Amino acid sequence: MYQLAKVDKKFPGVHALKAVDFQIGRGEIVGLVGENGAGKSTLMKVLYGAYQPDGGQITLDGRSVRFANPRAAMEQGIGMVFQEQSLIANLTVMENIFLGYEQQFVRFGVINWKAMAAAASAQLAKVKLTIDPATVTSALSFAQRQLVELAKVLTLEERVPGNLVILLDEPTSVLAEDEVNLLFKLVRELTSRASFIFVSHRMDEVMELSDRIYVMKDGAVVDVVTRGEKSVEQIQHKMVGRNVDKEYYREHRQQPFDASKEVVKLESVSLPGRINDISLTLHRGEVLCLVGTEGSGREAILRTIYGMRTPLAGKVTIKGQQITQFTPRNAVAQGVGYVPRERKVEGIVAGMNVYENMTLSQMGRHSSAGVLRIAGERALARDWISKLSIKASSELADCGNLSGGNQQKVVLAKWRSGGSDIMLLDHPTRGLDIGAKEDVYDMIRDMSEAGVGIVLVADTLEEAIGLSHSIIVIKDGAIQKRFDCTPGAKPSLFDLLHYMI
Amino acid sequence: MTGRFTREDAIRWAPLMVLIALVILFTAINPNFFALRNFARIAVAAAPALMVAVGVTFIILMGSIDLSMEGALSFTAVLFCYAFVKFGGTLAAGGWVAIPLILLVGAAVGMLNGLIHVKLRIPSFMASLAMGFVATGATVLLTGGGIVKIDDDVFRGLLTHRLLGFPLMVYVAGFCLLVAAFIQTRTTLGRNFYAVGGGEELAHASGLNVKRVRVAGFTLAGVFYAVAAILQVAKLGQAESVTGANFMFISITSVVVGGVALWGGVGGVWNALVGVLIVNVINNGMVVIGLPDYVQDGMLGLLVIIAVVLSTDRRAVTVVK
Amino acid sequence: MSTFIKDFIERETVSRRNFLLASAAGMGSMALPMAFGKGAAFAAENPALAWSYRDRASAYWNAVVSGGENFVESLGKTKADMTSLINEGSSEKSLADIKAFLAKNSGNCAIACDANDSPNARPVVEAVKAAGGYISTIWNKTDDLHPWDIGDNYVSHMTWSDEKPAEDTARLLFAAMGGKGGVVHLGGIPANNPAVERLNGLHNALKDFPEIELLDAQPADWDTTKAAELMASFITRYGDKITGVHCANDNIAYGVLEALKAEGIEGMPIVAYDGNPEAVQMVMDGKLLCTVFTNPYWGGGVSLALAYHAAIGTFKPSEEPNEHREFYGPTVMVTKDDAAAFKAKYMDSIPVYDWNDFWGPSNGGIVYK
């Protein structure tokens with residue numbers, strides 16, 4: 001019933017959508033997969049009215065439509081559940097649900113809160129959420145907020161005649177497994193009311209939930225798969241355009257490190273909070289993985305090595321020199337590089353271009369008496385753009401407009417090009433798709449071979465096991481256990497979990 | 001797979017388009033407007049304001065705000081006059097010493113401003129506003145409400161001597177603008193302003209000394225305020241405790257109208273130039289076409305609103321794919 | 001903004017003064033019955049003196065307050081015996097300070113005051129009357145408020161009419177222009193009373209000069225910078241048609257002169273207003289035709305003198321004619337002929353005034369239109 005035919009979208013220098021055909025029927029769940037930069041986000045934005053296509057036709061129940069903005073699309077029954085949640089944290093649940101549509105509850109200029117609460121409860125019932133609609137949103141768990149977001153979109157049901165199409169953008173990325181199951185159960189039940197378009201990086205989830213899957217690559221739909229028709233590997237092959245390596249984590253490239261050369265040494269370090277008596281050693285070429293639950297203290301240790309936190313007690317030695325002044329400035333001068341989890345906050349400056357981002361931490365190297373040698377900077381950036389195959393129109397492209405994976409490559413290039421030989425990676429693959437992840441894994445192996453010491457906080461346990469030479473398990477701010485991860489003798493998931501929880 | 005909105009480009013060039021449209025509009029109503037002599041008049045009026053706007057642009061690029069310009073300008077202008085007279089009263093007799101001296105004073109005022117903001121962790125608008133009060137107060141103490149004059153034909157040559165139809169002070173302002181543009185695009189300091197404005201956390205996490213960048217920014221702004229003070233004295237031949245009056249409104253309006261985003265990281269000194277020209281063309285043009293004065297005030301208010309609308313719009317289209 | 005430090009210092013001094021005054025008053029009340037016991041029944045002896053005004057940062061108010069201080073010194077007291085009640089442009093603060101001053105001195109006060117805005121004058125004088133003090137006001141008062149309606153406690157009101165003097169400057173200007181040509185007026189802040197009056201004066205003079213055309217009149221907000229920019233725009237619009245400039249005050253004239261200097265125009269007839277020292281010098285140098293001096297120093301002194309002498313019973317206000325209760329302050333036009341003499345008399349040294357000659361230099365009773 002909702003159909004896109006030969007839809008085209010161009011941005012300067014980029015052909016984002018190439019004659020894309022897409023359709024979704026009543027009550028259907030359609031998956032949308034593709035690497036970062038394949039055009040998923042653009043297609044989504046066309047679907048919910050944020051972008052207007054340059055060519056092609058959009059029809060709804062046979063009528064040709066053109067949405068000027070997302071609100072126009074909503075009025076036709078097309079709603080979006082955002083990945084970055086759009087709820088306002090300091091408003092109540094019901095205020096959020098009816099944000100912009102309060103008029104129906106207004107009598108003589110006053111909002112009838114009882115009526116609004118009742119209506120909100122009815123909406124929440126659709127998503128099987130039994131919470132007080134007057135709860136302030138910030139008090140909810142992340143999963144509950146996701147459901148409130150869904151309930152908010154489902155209010156379209158009352159406002160719009162005809163069927164609903166609801167877009168779910170990465171709804172599971174931060175949910176626990178049972179929460180994911182709950183969400184899927186709910187979505188399947190709601191197919192009586194609406195059709196769903198589901199975008200996720202987790203291939204298994206897409207396979208499990210979707211009736212049909214659109215596979216995108218380089219701005220075009222390369223395949224449409226019906227449920228059970230193809231295996232995960234086959235789809236991934238289509239997405240990436242090459243075989244997903246059985247040796248996903250590049251274990252065959254894991255070389256023994258040089259245990260005689262210590263680059264970072266922590267001795268009985270304690271930090272404000274609950275982090276106590278941390279001792280560890282990082283060697284040249286070693287990938288050391290810190291494993292633990294959220295809040296166990298992994299990030300705090302990274303940030304201490306990077307000089308963003310000052311220990312209460314203990315000794316930190318970098319390349320034989322004991323650190324007395326804990327500032328990032330000193331750490332950078334010692335050759336430490338830091339790839340933060342929040343790319344948008346601490347990774348790249350949106351609005352600055354690629355070469356400016358790359359040389360940000362090493363401007364001294366590219367200037368004399370404060371005057372920059374821009375030609376040199378640009379040459380360096382071009383070099384790394386090709387080395388890491390960063391998809392950017394040029395070194396002058398605005399980093400804010402790059403896809404997540406390419407942004408991450410810029411961040412890595414920033415440190416590597418500056419000659420950092422101690423790298424601290426905090427969730428370096430978070431939010432990236434398979435292809436981009438594999439690029440990051442390759443880069444980690446490259447760095448390891450080049451003798452860079454790496455401290456890694458991985459996105460998943462498998463990733464941690466696959467990538468590391470050594471694993472340190474942390475629980476409640478204390479080291480529980482150290483594992484050696486020589487290929488062939490790696491610890492199992494169970495081994496790690498045992499010490500984590 | 002990424003790209004820019006053509007609309008973003010349109011908005012980036014919007015201020016210049018507005019400027020050109022205004023010039024065409026005023027010329028159509030009164031052809032007297034389009035004359036070299038009148039452009040020289042606008043340039044003279046704009047030169048000090050441009051220096052203030054350039055100074056505050058660096059601060060706004062960092063995502064901070066500086067409201068000390070009125071006090072700083074009055075203070076440096078009055079001090080400049082005193083120093084000029086003290087060192088001989090004419091440029092030739094040694095009055096020139098006042099110029100580097102006053103640039104240093106400007107730097108010192110700015111640096112103090114920055115240090116108060118950074119070291120005492122006071123929001124920049126509050127720290128600079130207070131600093132402006134202090135500077136104005138100091139000026140009142142210095143002058144006792146009086147006027148200090150400079151009567152040196154050589155120095156006043158900045159206003160009276162013309163080259164290709166424009167007074168010399170216009171060229172001085174132009175040169176300083178080029179210096180500012182060089183600092184903005186070709187130096188680590190300029191890059192740092194953008195980095196701090198674009199993401200302070202990130203600049204910190206990249207090992208930049210953010211505090212030092214901030215202090216440097218305020219110091220640099222102080223130097224430009226001092227340049228503005230010297231040009232203002234060249235223009236009026238005198239200084240008093242109200243010499244800096246109105247510069248806060250004009251400079252910040254100009255910077256925003258020119259397309260520098262108040263949240264930092266976007267725009268630059270060329271935007272400041274276009275903004276200052278827009279404000280001054282409007283001020284001049286409204287009189288030249290004979291608008292009643294009450295309409296003029298309304299126009300200026302309208303201008304501010306349009307500026308805010310434009311800058312908000314700009315934020316909305318910086319959509320990251 | 002402009003007066004932060006100054007205000008701060010002033011306020012500190014005032015509060016210290018208030019403290020001293022309060023303690024002095026405490027002792028005084030013990031001393032009074034013994035020393036002055038007999039005369040105290042009719043009129044106050046040694047009333048506390050105060051001037052209530054905006055702030056001292058401008059040359060104008062500095063002169064007003066200096067005049068007040070000179071009067072106090074003429075009584076054999078020190079400057080510190082006059083309290084400065086600084087209202088910082090707030091009518092509320094003006095009234096509150098005066099009430100506090102009255103309370104502290106049990107109403108035994110002689111106060112001179114600019115009430116900050118017209119409506120504030122009535123509550124101020126009523127508060128003074130209720131406490132039994134004496135007050136003279138300048139500048140701000142509503143037209144329906146008259147000292148004779150309030151009684152002896154509201155001694156007098158002085159203001160300046162700028163219309164006639166501004167008309168005189170315009171006539172001088174037109175004569176210098178040879179009775180024909182184009183004139184532009186650069187005014188004060190719109191709707192500000194002196195600004196309106198000074199423009200009205202120009203209009204009045206124009207009636208007698210049919211060959212003079214008023215090309216344009218726009219506000220320059222009393223500001224030198226704004227005046228320079230406005231004058232430059234006028235030159236673009238009217239070019240050679242401008243043969244004379246009528247300025248609403250001296251600061252505006254400075255800006256006009258600089259704008260003309262930038263264009264290389266010399267010898268344009270210009271008139272100004274306010275009689276600032278710089279402007280007087282320019283009149284002497286022939287750069288300005290004239291300026292008008294309003295003698296704020298005398299105004300500040302005589303206002304306090306009137307309140308003081310009414311308080312101690314030197315004269316009884318209700319026995320004085322109305323033109324002694326409401327009158328215009330002096331206006332002296334300074335031209336090239338008398339500028340040197342004027343400068344010698346008023347600028348180079350401060351003239352010694354007889355503060356008992358209350359009405360000599362004044363300019364007649366206030367006329368309401």
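**Entry 1: chain B, overall**

I started with burial in chain B: buried residues make up 59% of its 321 residues. The model is predicted, so I checked confidence next. Chain B has a mean pLDDT of 88, and 92% of its residues reach 70 or more. I noted one weak stretch, residues 314-321 of chain B, where pLDDT stays under 50. The model still gives that stretch 14 contacts beyond four places in sequence. Where pLDDT is low, the predicted coordinates should not be read in detail. I left the stretch there.

I then counted secondary structure and found 13 helices and 4 strands in chain B. For overall shape I took the radius of gyration. A compact globule of 321 residues would have a value near 20 Å, and chain B has 20 Å, so the two agree. Along the principal axes, the C-alpha atoms of chain B fill a box of roughly 65 × 55 × 35 Å. I also looked at contact range. Of the contacts in chain B with a separation of 6 or more, 79% join residues 24 or more positions apart.

**Entry 2: a helix pair in chain B**

Two packed helices are described by the angle between their axes and the distance between the axes. I took both for H2(B) and H11(B), the latter covering residues 247-257. Their axes come within 9 Å and cross at roughly 60°. The crossing is right-handed.

Which residues of H2(B) meet H11(B)? I listed B:Ala49, B:Val52, B:Ala53, B:Val56, B:Thr57 and B:Ile60. Facing them in H11(B) are B:Phe247, B:Ile250, B:Ser251, B:Ile252, B:Ser254 and B:Val255. By class, this contact has 9 nonpolar residues, 3 polar and no charged.

**Entry 3: B:Ala234**

I picked one residue in helix H10 of chain B, B:Ala234. Is B:Ala234 buried or exposed? It counts as buried, because it has 24 C-beta neighbours inside 10 Å; the cut-off is 20 or more.

I then asked what B:Ala234 touches beyond four places in sequence. The list is B:Phe155, B:Arg156, B:Leu158, B:Leu159 and B:Met169. I also took one distance to a residue far off in sequence. B:Ala77 is 157 residues away along the chain from B:Ala234, and their C-alpha atoms are separated by 9.9 Å.

**Entry 4: chain B against chain C**

Next I went to the interfaces. The contact between chains B and C takes 36 residues from chain B and 30 residues from chain C. Helices of chain B that each supply at least two residues to this side are H2 (36-61), H5 (124-143), H6 (153-160), H10 (210-236) and H12 (269-288). H5(B) has the largest share, 8 residues. The side of chain B that touches chain C divides into 16 nonpolar, 16 polar and 4 charged residues.

H2(B) and H10(B) were already in my notes. H2(B) is the helix that crosses H11(B), and H10 of chain B holds B:Ala234.

**Entry 5: chain B against chain A**

This contact takes 24 residues from chain B and 37 residues from chain A. On the chain B side, the elements giving two or more residues are helix H8 (188-198) and helix H9 (200-205). H8(B) gives the most, with 6 residues. I sorted the chain B side by class and got 8 nonpolar, 11 polar and 5 charged residues.

**Entry 6: chains A and C, and the complex**

I closed with the partners. Chain A has 18 helices and 24 strands. Its 501 residues would give a compact globule a radius of gyration near 23 Å; chain A has 25 Å, which agrees. The C-alpha box of chain A is roughly 70 × 50 × 45 Å along the principal axes. Buried residues make up 48% of chain A. Residues 24 or more positions apart account for 69% of its contacts with a separation of 6 or more.

Chain C comes to 12 helices and 12 strands. Of its 369 residues, 49% are buried. The 24-or-more share of contacts with a separation of 6 or more is 75% in chain C. Its mean pLDDT is 86, and 88% of its residues reach 70 or more. Residues 1-5 of chain C fall below 50, with 22 contacts beyond near neighbours in sequence. Residues 11-42 of chain C also stay under 50, with 19 contacts beyond four places in sequence.

For the complex, I copied down the predictor's ipTM of 0.86 and pTM of 0.74.

Conventions:
Residues numbered from 1 in each chain as written. Chains lettered and ligands numbered in written order. Predicted model: local features only at pLDDT ≥ 70, side-chain atom pairs only at ≥ 80, totals over all residues. Contact = placed C-beta atoms within 7 Å. Nonpolar A, V, L, I, M, F, W, Y, C, P; charged D, E, K, R; others polar. pLDDT = per-residue confidence, 0-100. Buried ≥ 20, exposed ≤ 12 C-beta atoms within 10 Å, placed from the backbone. Axes fitted to C-alpha atoms, helices over the stretch in contact; angles between N-to-C directions. Left-handed = near helix turned anticlockwise from the far one by under 90°. Rg over C-alpha atoms; globule rule 2.2 N^0.38 Å.
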